[in-house]
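Please prepare a briefing on the structure shown below, covering its overall layout, its domains, its nonpolar cores and its salt bridges.

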Amino acid sequence: MERLRTLDALARHGSVSGAAAGLHVTTSAVSQQMTKLEREVGQQLLAKNGRGVRLTDAGRLLADHAARILSQVELAQSDLEQQRGKAVGELRISAFPTAMRGLLPAALSTLRAQHPGLSVSAAELEPQQAVNGVVRGDLDLAVVLDWYNKPLPVPDGLMKAPLLDDPADVAMPTAHPMADRAEVDLEDFAEDEWITWAEGEFCHEWLMFTLRAKGFEPRIAHRAEEHHTQLALVAAGLGVCVAPRLGRDPMPTGVRTVPVRHRVRRHVYVLWRADADRRPSIRAAVEALRVAGAGLG
């Protein structure tokens, strides 16, 4: 099974280094497993491709079987866990930064109290990384987001459950001319400098898409991964930003947030693999996340 997992990881990641990272092993361990597997099946499964490797026809054929076999093993594990009727074992979960801060602590605390036989490890990941991790089998669940006008692509074979809608406001310095408004429109800030996320991030792409749809090209002054860092830049008078409410407090001094007239919101939900749906640990985690999300509504 370990050798089939290694072959499956190679097929999904496309490189020895990628497979090693996905399996949390060394590249030499991946090479050793593949050498043993080639010896067992009596065929060459890998061929050199420049500085890397590629799967041979035999390698691709066996990799297709490996994916189905590993999925069947997942189902078997789910059935066994279901028969035992308890949420036990290990569970790997990820969440994007503000959900990691504003949602997961309550959910993980509930899981620890209600299911002492369940060992949960959590990691902070952006949505697309998290989706890939669930697809690869590196994660059991992922808390992800999309925006009201820009959905996150979800591959086949995954299931999802909504957790909450997260409204977002515009954050501006308290001295800003719009700071005393009860509501604002995004186009009110066409002349302002904007603080946004890193180039290529899902939320940055959403912001550019949305502001351009309002009829103007935003002037990007600063980029920061963390919302609290963005708010610190706003407090210093260096621009405005979109500030979702999840995990936002405490707000820094010198910042005013004003709701958007036509509501801007993020949809927050949890993803998991369909072949793991019967696992009591998955169901327990989804329920804990739902309760935590409802408490924020």
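The briefing below begins with the model as a whole and then takes each topic in turn.

This is a predicted model, in which local features need a pLDDT of at least 70 and side-chain atom pairs count only at pLDDT 80 or more, whereas totals for chains, interfaces and linings use all residues. Residues are numbered from 1 along each chain as its sequence is written, and side-chain values use heavy atoms, with hydrogens and water left out. The protein chain has ten helices and ten strands, where helices (H or I, at least four residues) and strands (E, at least two) are DSSP runs numbered from the N terminus.

**Overall layout and confidence**

- The C-alpha trace of the protein chain spans about 75 × 50 × 25 Å along its principal axes, and 44% of the 297 residues count as buried (buried means under 20% relative accessible area, exposed over 50% and partly exposed in between, with a 1.4 Å probe and protein chains only).
- Of the contacts in the protein chain with a separation of 6 or more, 74% are between residues 24 or more positions apart, a contact being heavy atoms within 4.5 Å.
- The average pLDDT of the protein chain (the predictor's confidence in each residue, from 0 to 100) is 91, and 97% of the residues score at least 70.
- Among the elements, strand S7 (residues 193-196) has the highest mean pLDDT, 98, and helix H4 (residues 57-84) the lowest, 78.

**Domains**

- The protein chain is divided into domain 1 (1-81), domain 2 (93-164 + 267-295) and domain 3 (165-263), with bounds that come from an automatic or database domain assignment.
- The centres of domain 1 and domain 2, taken over C-alpha atoms, are separated by 27 Å, and nine residues of domain 1 are in contact with nine residues of domain 2.
- Between them, domain 1 and domain 2 bury about 960 Å², 42% of it on carbon and sulfur atoms; buried area here is the accessible area (1.4 Å probe) that two parts lose on being put together, summed over both.
- The count of salt bridges between domain 1 and domain 2 is zero, a salt bridge being a side-chain nitrogen of Lys or Arg within 4 Å of a carboxyl oxygen of Asp or Glu.

**Nonpolar cores**

- The largest nonpolar core (a set of buried Ala, Val, Leu, Ile, Met, Phe, Trp, Tyr and Cys residues joined through side-chain atoms within 4.5 Å) has 61 residues, and those with the most contacts inside it include Leu103, Trp147, Trp194 and Val270.
- Elements that each supply at least two residues of this core include helix H6 (104-114), strand S6 (158-173) and strand S10 (255-273), and S10 gives the largest share, eight residues.
- Domain 2 and domain 3 both give residues to this core, so the core lies between them.
- Leaving aside neighbours within four places in sequence, valine 270 is in contact with residues including Leu141, Val143, Met159, Lys160 and Leu289.
- A second, separate core has 13 residues, among them Leu10, Met34, Leu37 and Ala63.

**Individual residues**

- Aspartate 8, in helix H1 (residues 2-13), is buried with a relative accessible area of 10%, and, not counting residues up to four places away in sequence, aspartate 8 touches Ala66, Ala67 and Leu70.
- Lysine 160 lies in strand S6 and, C-alpha to C-alpha, is 8.8 Å in space from arginine 273, although the two are 113 residues apart in sequence.
- The peptide bond from aspartate 249 to proline 250 is cis, with omega near 0°, and proline 250 is placed in the loop between strand S9 (241-244) and S10.

**Salt bridges**

- A search of the whole structure finds 18 salt bridges, and a network of them links Arg92, Asp140, Arg273, Asp275 and Arg279.
- Aspartate 57 and arginine 60 meet in a salt bridge through their side chains (2.2 Å, N to O); being three residues apart in helix H4, they are separated by about one helical turn.
- Aspartate 57 counts as exposed at 60% relative accessibility, whereas arginine 60 counts as partly exposed at 43%.
- Arginine 265 forms a salt bridge with aspartate 165, their closest N and O atoms being 4.0 Å apart, and this pair links strand S10 with strand S6 across 100 residues.
- The side chains of arginine 261 and aspartate 185 also meet in a salt bridge (2.5 Å, N to O), with arginine 261 in strand S10 and aspartate 185 in the loop between S6 and S7, 76 residues apart.
- Arginine 261 counts as partly exposed at 38% relative accessibility, whereas aspartate 185 counts as buried at 16%.
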